[in-house]
Amino acid sequence: MNVKQIFGKHYRRLKTEGVIKSAISGAGVCFAINAVFAFIYWMFRIGSIWLGVTVGLLTGALLGALLYLCKYRLTEKTVARRVDSYGLEERLITMIEFSGERSHMAELQRADAIARLEDVPAKGIKYKISAVLVIAVSVVFAVSFSLSTLGILAQAGKVSYGMDMLAQGTDGTFEVIYTVGEGGWIRGETQQSVSFGDATVAVRAFADDGWIFVGWDDGETSPERSETGVSSDMQIKAVFEKIENNDSDDDDSDAADDLPYGSVMEESGGSNSDELGGEEVKGDGEGGGAKWQDRNQFIDGATYYRDYLEFYYQYATGIFDSETDIPPEIIEFFETYFSGI
């Protein structure tokens, strides 16, 4: 007997009920697994906040499918009993039990059962879903959502991890320590005690001569920083990089370029004011000055100042942009100085 064909809309209605029950049960398992993983992550920083979500979804989907196949899948008798409960007095279940009979009485019974089936509208069959199941899944969802939110906030630095809270101490404060690597120093209070959720006093990193500031070890690139919403002990290090000398390893073939302009002219048999090959010889500097002149060198006596002029100009501009207490006349002086060299 084709139960789908006989019961039609009633079968589809009851099938939807089975799918809903399976989905609710699978969702409950998904939320429970996610809650466990989220708690472990928030408390011990083990795993990932999304690990529980992934494992929970896969397990919940698998369990929901198994529940439908093994427990909520419809049979002829389960459909007949449910529809009979709406006033058909076991006509349908009797029809199913004697479906193999070919007697006149069996045929009359089947015709009567099918005719009475039309009196039961499909929408009149109410879904039977356990209230206890719905409440339990709702509670597990609330716990799972809360723990997941807590883990996300802890990952973003808005709240403390569980073990950090336990080790926080009775005064409810955290230590924020700023350290420096080789090549620089920090202006400001490098060790600060901060209450939960408060901010630190700003500090600023400065590079020594021959070094540049490249950033902090947590990825921050601004030399000035302040921590907000402190929820755990922190140790942050300023990183500096030594400026390399690009002109220290010239080849012998470039030796003529490494000599003062006058020496080049002397070796070629000319003078600073003579013409060489019918053309006037000029150096690399502006205004016709040769690159390798004593007055053009700085730091180590072997580096042309224009090789680093743009870098230090941008560095000075960055300081002017970030500092608010520099007098305008000082800024104007440096602008005039850099534009004139």
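## The open sheet

Let's start with the pairing of strands: strand 1 and strand 3 run antiparallel to each other, joined over five bridges. This is a predicted model, so please read the contacts below in that light. On the other flank of the pairing story, strand 1 (residues 173-180) meets strand 7 (residues 234-242) in the parallel sense, and five bridges join the two.

Val176 is a handy residue for seeing both partnerships. In strand 3, Gln192 stands opposite Val176, while in strand 7 the bridge partner of Val176 is Met234. Ile177 also has a partner in strand 7, namely Gln235.

Taken as a whole, the sheet is an open one of four strands, with the order 3-1-7-5 and mixed pairing. Strand 3 (191-195) and strand 5 (211-216) are the edge strands, each pairing on one side only. From one strand to the next, the twist averages 25 degrees.

## The helix at 9-44

Does the span of helix 2 fit its length? Its 36 residues should cover 52 Å at 1.5 Å a residue, and the end C-alpha atoms of helix 2 are 52 Å apart, which agrees. Just after helix 2 comes Arg45, with a positive phi near 60 degrees.

Two residues of helix 2 return below: Glu17 forms a salt bridge that starts in this helix, and Tyr41, also in helix 2, takes part in a ring pair.

## Aromatic pairs

The model has eight aromatic pairs. In one of them, Tyr41 and Tyr161 meet edge-to-face, with 5.9 Å from centre to centre and 80 degrees between the planes. Tyr41 belongs to helix 2 and Tyr161 to the loop between helix 7 (131-155) and helix 8 (162-166), so this pair ties together parts that are 120 residues apart in sequence. How buried or exposed are the two rings' residues? Tyr41 has a relative accessible area of 6% and is therefore buried; Tyr161, at 12%, counts as buried too.

Trp185 and Phe206 make a stacked pair, 4.8 Å centre to centre with 20 degrees between the planes. Trp185 lies in strand 2 (residues 184-187) and Phe206 in strand 4 (residues 203-207), so the contact ties together parts that are 21 residues apart in sequence. Trp185 counts as partly exposed because its relative accessibility is 40%, whereas Phe206 is buried at 15%. Elsewhere, ring pairs link Tyr178, Phe213, Trp216 and Phe240 into a cluster.

## Charges over rings

Two arginines are worth a look here. Arg13 places its charged end over the ring of Tyr127, 4.3 Å from the ring centre. Arg225 does so with Trp216, its charged end sitting over that ring at 5.3 Å from the centre. Trp216 is also a member of the ring cluster with Tyr178, Phe213 and Phe240.

## Salt bridges

Side chains of opposite charge can pair when their charged atoms come close. The structure holds five salt bridges. In one of them, the side chains of Glu17 and Arg82 meet at 2.8 Å, N to O. This pair links distant parts of the chain, with Glu17 in helix 2 and Arg82 in helix 4 (residues 76-84), 65 residues apart. Both Glu17 and Arg82 are buried. Lys21 joins them, as Glu17, Lys21 and Arg82 are linked in a network of salt bridges.

Another salt bridge connects Glu224 with Arg204, whose closest N and O atoms are 3.3 Å apart. Glu224 lies in strand 6 (residues 224-225) and Arg204 in strand 4, so the pair ties together parts that are 20 residues apart in sequence. Glu224 counts as partly exposed because its relative accessibility is 34%; Arg204, at 5%, counts as buried.

Arg225 appears once more in a salt bridge with Asp218, where the closest N and O atoms are 2.7 Å apart. Asp218 has a relative accessible area of 44% and is therefore partly exposed, while Arg225 is buried at 8%. Arg225 thus has two partners to look for in the viewer: the carboxylate side chain of Asp218 in a salt bridge, and the ring of Trp216 beneath its charged end.

Terms used. Residues numbered from 1 in each chain as written. Predicted model: local features only at pLDDT ≥ 70, side-chain atom pairs only at ≥ 80, totals over all residues. Heavy atoms only, no water. Pairing = 2+ DSSP bridges. Axes fitted to C-alpha atoms, helices over the stretch in contact; angles between N-to-C directions. Expected span 1.5 Å × (residues − 1). Phe/Tyr/Trp six-rings, centres within 6.5 Å; stacked < 30°, edge-to-face > 60°. Buried < 20%, exposed > 50% of the residue type's maximum accessible area, 1.4 Å probe, protein only. Lys NZ or Arg CZ within 6 Å of the ring centre and 35° of its normal. Salt bridge = Lys/Arg side-chain N within 4 Å of Asp/Glu carboxyl O.
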